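Visitor: I am new to reading protein models, and I would like to look closely at one small part before I try to follow the rest. Could you take me through it slowly and then lead me outward from there?

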Amino acid sequence: MPSANSAMGNSNSLFGNHVAGDINPGAKPTKLEFAVKMSCNACVEQIRSKLDGVSGIDNFNIDFTMGTVVVETSLPSYVIQHRIQSTGKDVILRGIGGKEHKNLGSAVAMLGGDSGFSATGVHGVVRMTQFDEANCIIDGTIDGLSPGKHGLHIHECGDISKGCDSVGGHYNPNNVNHGSPEMDEMNRHVGDLGNVLADTDGRAVFRIVDRLVKVWDIIGRSIVITESEDDLGTGEKEISKVDGNSGHRLACGIIARSAGLFENSKKICACDGLTLWDEKNKPLAGSSRQQKQEQEEGLQPSSSL
């Protein structure tokens with residue numbers, strides 16, 4: 001039996017949810033590490049009730065003393081985080097890794113907001129985890145989209161000085177035509193991730209397993225979400241072989257290295273003394289982070305030199 005400070009669980013029943021996107025509950029489960037604000041032992045049971053019996057969750061561990069929840073799942077991280085948050089508790093995703101605890105590389109891209117670029121209000125976060133030598137898991141949530149399918153691509157450059165116009169073309173080291181993620185390396189760009197599906201609220205939640213993307217090759221590049229559906233290189237127009245005729249680039253973000261499973265032990269940020277929970281709703285870095293902190297402290301924002 002689990003102690004009061006730790007709860008174990010597993011699930012095999014059906015999971016009813018309205019998430020739109022590429023979700024395959026049977027595909028390559030990862031471990032997600034969450035920091036959760038828990039004030040009493042009853043919190044363990046509240047969280048357990050939201051995770052136990054959910055199809056796509058293989059098992060989980062809730063540690064009240066450490067304030068952590070570790071979930072082994074093939075569902076998108078947003079789905080798990082949302083279920084924990086539904087108990088009324090603050091939750092932060094701290095790391096993602098393969099179930100064998102081998103941290104082969106993790107990365108994150110913030111689309112829009114203070115760290116990325118968007119001219120339309122589209123924003124979100126995409127995380128990439130090297131599951132094993134052959135497979136990368138791309139896990140994300142993007143908001144502000146029109147309902148329907150939108151192309152998702154890794155682009156060559158990490159330069160957003162001119163917005164999404166300066167990130168270059170699709171990451172295409174083999175110099176081949178654009179294609180479907182199901183095609184081999186000679187018939188698709190490595191950066192071709194296909195389409196994600198936004199629901200009626202404009203939110204796309206997705207989890208993609210890709211065999212060509214390698215985290216160590218994409219650090220410093222960018223991810224872009226487009227206005228239209230990617231035709232996967234099957235269209236009649238010449239542009240189909242370039243970008244799937246997927247239209248205007250709505251939002252983009254630079255791919256940066258991130259912590260893997262159990263690699264993020266930070267409690268207080270050394271740069272400005274913010275706690276893990278204080279910095280939850282602040283920009284990751286840069287002048288916008290400093291300005292937001294000064295505004296909250298009632299100070300005059302620093303001018304740029």
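Visitor: Is Leu232 buried, exposed or partly exposed, and what is its relative accessible area?

Guide: Please keep in mind from the start that this is a predicted model. The relative accessible area of Leu232 is 25%, and since buried means under 20% and exposed means over 50%, Leu232 counts as partly exposed. To find Leu232 in the structure, look in the loop between strand E14 (222-226) and helix H4 (240-243). The backbone deserves attention here too, because most residues other than glycine have a negative phi. Leu232, although it is not a glycine, has a positive phi near 60 degrees.

If you follow the chain onward, the loop between H4 and E15 holds Asn245, another residue that is not a glycine and yet has a positive phi, in this case of about 50 degrees. Asn245 is partly exposed as well, with a relative accessible area of 35%.

That loop brings us to strand E15, which covers residues 249-257, and here we meet the one disulfide that the structure holds. The disulfide joins Cys164 to Cys252, with the two sulfur atoms 2.3 Å apart, and the angle of -105 degrees about the S-S bond makes the link left-handed. Because Cys164 belongs to strand E11 (residues 161-164) and Cys252 to strand E15, the pair ties together parts that are 88 residues apart in sequence. Cys164 has a relative accessible area of 3% and is buried, and Cys252, at 0%, is buried too. Two further cysteines can be set beside them: Cys136 counts as buried at 0% relative accessibility, whereas Cys157, at 29%, counts as partly exposed.

Strand E15 also leads to strand E6 (residues 106-111), for E6 and E15 pair in the antiparallel sense over three bridges, and in this pairing Ala107 stands opposite Arg257 of E15. E6 pairs with strand E8 (residues 123-130) as well, again in the antiparallel sense, over six bridges, and there Ser106 stands opposite Thr129 of E8. Why is E6 described as largely enclosed by the rest of the structure? The reason is that five of its six residues are buried.

From E8 we can step to strand E5 (residues 91-98), where Leu93 is found. Leaving aside its neighbours within four places in sequence, Leu93 is in contact with several residues, among them Arg127, Ser77 and Gln81. At 12% relative accessibility, Leu93 counts as buried. Its C-alpha atom lies 6.4 Å from that of Ala35, although the two residues are 58 apart in sequence.

Our last stop is a pair of helices, H1 (residues 42-51) and H2 (residues 77-85), whose axes come within 9 Å and cross at roughly 140 degrees. That angle makes H1 oblique to H2, and the crossing is right-handed. On the H1 side the contact is made by Ile47, Lys50 and Leu51, and on the H2 side by Ile80, Arg83 and Ile84.

Definitions and conventions. Residues are numbered from 1 along each chain as its sequence is written. This is a predicted model: local features need pLDDT of at least 70, side-chain atom pairs count only at pLDDT 80 or more; totals for chains, interfaces and linings use all residues. Side-chain values use heavy atoms; hydrogens and water are left out. Buried means under 20% relative accessible area, exposed over 50%, partly exposed in between (1.4 Å probe, protein chains only). Helices (H or I, at least four residues) and strands (E, at least two) are DSSP runs, numbered from the N terminus. Two strands pair if DSSP finds at least two bridges between them. A disulfide is a pair of cysteine sulfur atoms within 2.5 Å. Contact means heavy atoms within 4.5 Å. Axes are lines fitted to C-alpha atoms, for helices over the stretch in contact, and angles run from 0 to 180 degrees between N-to-C directions. Angles under 35 degrees count as roughly parallel, over 145 as roughly antiparallel, 65 to 115 as roughly perpendicular and the rest as oblique. A crossing is left-handed if the near helix is turned anticlockwise from the far one by less than a right angle, and right-handed if clockwise.
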